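User: I am new to this structure and would like a close look at one part of it. Please take the place where strands of the two chains come together in a sheet, and then say how the rest is arranged around it.

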Amino acid sequence: MAIRDRLSGNEAVAVAMKQVNPDVVAAFPITPSTEIPQYFSSFVADGKVDTEFVPVESEHSAMSACIGAQAAGARTMTATSANGLALMWEMLYIAASCKLPIALSVVNRALSGPINIHNDHSDSMGARDSGWVQLYGETNQEAYDNLIQAVKIGEHPDVLLPVMNCYDGFITSHAVENIELIEDEKVKAFVGDYKPEHYLNDKENPIAVGPLDLQNHYFEHKRQQAESMMKAKKVILEVAEEFEKLTGRKYGLFEEYKMEDAEVAIVVINSTAGTAKYVVDQLREKGVKAGLIKIRVYRPFPVDEITAALSKCKAIAVMDKADSFNAAGGPLFTDITSALYGRVDGIKVINYIYGLGGRDVRTDDIAFVYDALLEIVKTGEIKSVYNYLGVRE
Amino acid sequence: MSKVVEIRWHGRGGQGAKTASLLLADAAFNTGKYIQGFPEYGPERMGAPITAYNRISDERVTVHSNIYEPNYVVVVDETLIGSVDVTAGLQENGAIIVNTQKSPEQIREKLNGYQGKICTVDARTISIDALGKYFPNTPMLAAVVKVSRIMDENAFVKDMEESFAHKFASKPQVIEGNMQALKRALTEVKGL
C-alpha cells in the first residue's frame, strides 16, 4: 500500500534520497542551493541513512566531489538551484563525459541578474547541452517519482549518464501538497544495488578516469557519449514501465492531455502544465478542441514521438520559461520547430516566453494563449512568432 | 473550481502566518482532503507583509498560481489593513477574518466597501492569556476553521492535539496552552 502523505517538493525529494540511501551526497548546504541538503543532512545526523555527506564550500566543489565519488564506485547524489547550478557548469560536462550516473535534483530558479530567487527555467535550460539526461516534473509527486527513476535510468549499462531531476522552485519546491510515497524496501528493491562495471576502487582492474584525450580519440569518445543519449530514451521508457507496475503511476517521454482530437495545443514544462490543464478542461466544456503536451524528458529530446503527438494540430504554442536571447525563440520552441521540420508540414507554431523570475502564471494567461491559437486557426495568419506573455512592455 | 476552497493569509514576517497555513493544510489533509499550502516568498524580514495561501478540495487541484479570488481572507495583523488591499478579489459570499479587538462593524469601515461577511477574533488576548506570549497563529487557525466550516470542529480539535504533540515534542509545556488558545478561539469568533 502506498503511503498517503503531504510534503513540499523539497521534502519529497529528500525522502526519495533517504529511501535510495546513496553512498555519497556532496552538496553546498546553503543558498543558492536548496533545502534538500539541509533535510538530507538531518537524515545523516539521525543515522537514518548510511551516506557519507560531504558539505563542500561551493557548487563547483560539490559536483567535483560527486564526480570523484561516483568514479570511485559510489552511488552519488546532490541537489542545487539557479546560480548554484551555474557554478557547477564546468563539472557538469565532465560528469557526463566520464559517463558517471550521478543524480542531481535541480530546483528550477532564475539565474541572476538582476538578482532574483524565484522560479523559471533559465538554470537547467542553459545546461541542456551538457550531456545530462534531463527529467522535468509538474508536482511534488513527479519530482519524487522522477528521482527514484533517475537512479535506475542513469545506471543502466546502455546509458551510464548523469541525470537531472528538475522541478519548479517555490511553486513545487516549497508548496505542501498531497503525495503518495512508496515503502522504503520497495524503493530499495526498485533501484537495486549499484554495481558499476568499471570504477577506480576496483584494484584488480585498474582504470584511468578523465585523462588527456586529444585529436586521436576525443571525437570517438564524444560520439560514444552521444550514442548513450540516443539509447537513453528506450531505457527511460522501460524504467517507467517497471515503475508503473510498482506504483500504478504512468510516465512516458511526455504527457499528453486531451490530445486525441486537439486542434490547438500548448507545449509546456513543469508546474504551469497543471494550471494549463484546468484551462483545457474549461475550454473543452465550451466545445473547444484544446490539448496540452507536458515535456517530461527534455534530454534526450523525443523528436519522433512529439512530432507524432502534435501532427494533427492546427496551431501550437510552445511555452518557454527561459529566454535564449537569440532574437528568435526560446529553447523548447527551437527544439519543437526543428522536430516538426521535414516531418510534418503546415502546423502553425508560435512561442511565448513566460513567467521569468517567478512572474505568476494565472489561468487567464493560459486562456489568452489558447485564444491566440484559435485566432490563428480562424484567420490562418500568424502575426508574431516570438512573443512574451504577461510582461509590461 | 467551485468545489475548491481558496484561502489567502495576510500577516507579517515572524507572526506565523505561513506556519498557520501549513497547519491548516495538515488538518485538512488529515480529514482526507487534497490540499495546497504555500507562501509567497519575498525578501524575508521580520515584520514585512507576507502572504500565504491554501487550496482545499475533495479532488486534486492542478492549478499552481497564486490565489486572486479567495473564498476567505485571514488577516493575522490588523495594522496591514490600509497598506495592503486585503479584500482584493475576495468573494462577497465568502468572509474576511481579522485578528482585532474591534467589532466587525468597526472593521467594515476600513475595508473599502467590502459587502461580504466580516468576522473578528481577539487573538492577541487569547494568546497572551493562554500562552503568556503573543502567537496569533493558533487562534487564527481555529477562527478560519470555524468560519469556513472546511472541517468538523471536533475532528479539528482532536487532530490539532495530535499535531501539537508531534510538533512540540521537545517542549510539551506549550501544548496545553496552544490547545486552550485553539478551543477558546473557536468560541469567540464574532460576526458569524
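Analyst: Strands β2(B) and β3(B) pair in the antiparallel sense, over seven bridges. One position in this pairing is Y34(B), which stands opposite S57(B) in β3(B). The model is a predicted one, and the predictor gives the complex an ipTM of 0.94 and a pTM of 0.96. For chain B the mean pLDDT is 93, with 98% of its residues at 70 or more.

Strand β3 of chain B covers residues 49-57, and seven of these nine residues are buried, so the strand is largely enclosed by the rest of the structure. A residue is called buried here if 20 or more other C-beta atoms lie within 10 Å of its own. Besides β2(B), β3(B) has another partner: strand β1 of chain B, residues 5-12, is joined to β3(B) by eight bridges, and the two run antiparallel. Two positions of β1(B) can be placed against β3(B). I7(B) has N54(B) as its bridge partner, and G11(B) has I50(B).

On to the link between the chains. Strand β8 of chain A, residues 176-181, pairs with β2(B) in the antiparallel sense over two bridges. Within that pairing, the bridge partner of E177(A) in β2(B) is Q36(B). Strands of a sheet pair through backbone hydrogen bonds, either parallel or antiparallel.

These strands belong to an open sheet of eight, in the order β1(A)-β8(A)-β2(B)-β3(B)-β1(B)-β4(B)-β5(B)-β6(B), with mixed pairing. Its edge strands are β1 of chain A (3-8) and β6 of chain B (117-121), each of which pairs on one side only. Neighbouring strands in this sheet are turned by 25° against each other on average, direction ignored.

The contact between the chains takes 17 residues from chain B and 17 residues from chain A. On the chain B side, the elements that give two or more residues are α1 (17-30) and β2 (34-40). Of the elements there, β2(B) gives the most, with six residues. By class, the chain B side divides into ten nonpolar residues, six polar and one charged.

Next, chain A as a whole. Its domain assignment gives domain 1 (3-247) and domain 2 (254-389). The C-alpha centres of domain 1 and domain 2 of chain A lie 28 Å apart. Their contact takes 28 residues from domain 1 and 20 residues from domain 2. On the domain 1 side, the elements that give two or more residues are α5 (122-126), β6 (133-137), β7 (163-168) and α8 (218-247) of chain A. That side of domain 1 has 13 nonpolar, ten polar and five charged residues.

Chain A also has strands in another sheet. An open sheet of six strands follows the order β9-β11-β10-β13-β14-β15 (chain A), again with mixed pairing. The edge strands of this sheet are β9 (254-257) and β15 (386-389) of chain A, each pairing on one side only. The twist from one strand to the next averages 25°. Strands β13 (residues 315-320) and β14 (residues 348-354) of chain A run parallel and are joined by six bridges. In this pairing I316(A) has V349(A) of β14(A) as its bridge partner.

Helix α9 of chain A, residues 272-285, packs on the six-stranded sheet and touches β9, β10 (264-269), β11 (290-295) and β13 of chain A. The direction of helix α9(A) makes about 165° with that of β11(A). Helix α12 of chain A, residues 363-379, lies across β10, β11, β13, β14 and β15 of chain A, and runs at about 145° to β13(A).

A last residue to find in this sheet is Y354(A), in strand β14 of chain A. Y354(A) counts as buried because 24 other C-beta atoms lie within 10 Å. Leaving out residues up to four places away in sequence, Y354(A) touches M319(A), K321(A), V361(A), D365(A), L389(A) and G390(A). The C-alpha atoms of Y354(A) and Y388(A) are separated by 6.0 Å, although the two residues stand 34 residues apart along the chain.

Definitions and conventions. Residues are numbered from 1 along each chain as its sequence is written. Chains are lettered from A and ligands numbered from 1 in the order in which they are written. This is a predicted model: local features need pLDDT of at least 70, side-chain atom pairs count only at pLDDT 80 or more; totals for chains, interfaces and linings use all residues. Domain bounds come from an automatic or database domain assignment. Two residues are in contact if their C-beta atoms, placed from the backbone, lie within 7 Å. Helices (H or I, at least four residues) and strands (E, at least two) are DSSP runs, numbered from the N terminus. Ala, Val, Leu, Ile, Met, Phe, Trp, Tyr, Cys and Pro count as nonpolar, Asp, Glu, Lys and Arg as charged, and the others, Gly among them, as polar. Two strands pair if DSSP finds at least two bridges between them. Axes are lines fitted to C-alpha atoms, for helices over the stretch in contact, and angles run from 0 to 180 degrees between N-to-C directions. A residue is buried if 20 or more other C-beta atoms lie within 10 Å of its own, exposed if 12 or fewer, and partly exposed in between; C-beta atoms are placed from the backbone. pLDDT is the predictor's confidence in each residue, from 0 to 100.
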